[in-house]
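Open the model in your viewer and keep the sequence alongside. The tour goes stop by stop: select, look, move on.

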Amino acid sequence: MREKISIVVPIFNKGPYLFECLQSLQNQTYAPIEILLVDDGSTDESAEICKSFCEKDSRFRYLYQENQGQVAARKAGAEASCSSWVIFVDADDMADSEMCSHLMAEQEKTHAALVVGVVQRW
């Protein structure tokens with residue numbers, strides 16, 4: 001049985017980038033995932049974008065908190081997680097569709113307690 005992964009996305013006023021980020025997470029080939037969208041008090045259209053993904057895809061969960069900073073948003077997402085594995089993705093990043101599959105394949109091969117991916121800029 002494949003282990004579930006929680007992807008935590010801390011968000012603060014990232015509206016211009018957020019749709020592409022969430023779309024890239026929605027397109028993950030690894031199936032057992034949940035995507036926790038932690039809105040850290042955004043004042044732009046970020047909340048509406050998050051809520052539109054939550055309405056269409058049950059893997060997305062929206063959490064709101066007053067602005068406390070990225071570390072607090074990451075912590076809130078990790079605490080809300082329902083998984084043994086947590087991945088952090090920034091709201092202005094795009095994830096390769098195989099990101100979760102590659103990370104879990106490496107974990108299964110090595111039995112590592114921590115697996116780290118590479119960031120690639122285009």
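How many bridges join strand β1 to β4, and do they run parallel or antiparallel? Select β1 (residues 5-11) and β4: 4 bridges join them, and the two strands run parallel. Strands count as paired if DSSP finds at least two bridges between them. Helices (H or I, at least four residues) and strands (E, at least two) are DSSP runs, numbered from the N terminus.

Before going on, note that this is a predicted model, in which local features need pLDDT of at least 70, side-chain atom pairs count only at pLDDT 80 or more, and totals for chains, interfaces and linings use all residues. Residues are numbered from 1 along each chain as its sequence is written, and side-chain values use heavy atoms, with hydrogens and water left out.

**Stop 1: strand β4**

Stay on β4, residues 85-88. Show the side chains. Trp-85 and Ile-87 make up the covered face. Val-86 and Phe-88 sit on the uncovered one. In a regular strand, side chains alternate between the two faces of the sheet. Now add Ile-7, which stands opposite Ile-87.

**Stop 2: salt bridges**

The structure holds 5 salt bridges. The term means a side-chain nitrogen of Lys or Arg within 4 Å of a carboxyl oxygen of Asp or Glu. Three stops follow.

Select Asp-92 and Lys-14. They form a salt bridge, with the closest N and O atoms 3.5 Å apart. Asp-92 is in the loop between β4 and α4 (99-110), Lys-14 in the loop between β1 and α1 (15-26), and 78 residues separate them. Asp-92 is partly exposed at 38% relative accessible area. Lys-14 is partly exposed too, at 27%. The cut-offs: buried is under 20% relative accessible area, exposed is over 50%, and partly exposed lies in between (1.4 Å probe, protein chains only).

Select Arg-61 and Glu-34. In this salt bridge the closest N and O atoms are 2.9 Å apart. Arg-61 belongs to strand β3 (residues 60-64) and Glu-34 to strand β2 (residues 33-39), 27 residues apart. Is Glu-34 buried or exposed? Glu-34 counts as buried, at 5% relative accessibility. Arg-61 is partly exposed, at 29%.

Select Arg-74 and Asp-90. Their closest N and O atoms are 2.6 Å apart, in another salt bridge. Arg-74 lies in helix α3 (residues 70-80) and Asp-90 in the loop between β4 and α4, so the pair ties together parts 16 residues apart in sequence. Arg-74 is partly exposed at 22% relative accessibility, as is Asp-90 at 24%.

**Stop 3: the rings**

There are 2 aromatic pairs. Select Phe-53 and Phe-60. Their ring centres are 5.3 Å apart and their planes meet at 50 degrees, so the pair is tilted. Rings of Phe, Tyr and Trp (its six-membered ring) pair if their centres lie within 6.5 Å; planes under 30 degrees apart are stacked, over 60 edge-to-face, and the rest tilted. Phe-53 and Phe-60 are both buried. Add Phe-19: ring pairs link Phe-19, Phe-53 and Phe-60 into a cluster.

**Stop 4: helix α4**

Select α4. Its buried residues are Met-99, Cys-100, Ser-101, Leu-103, Met-104 and Gln-107. They pack against β1, α1, β2 and β4, where contact means heavy atoms within 4.5 Å. Finish at His-111, just after α4, which takes a positive phi of about 60 degrees.
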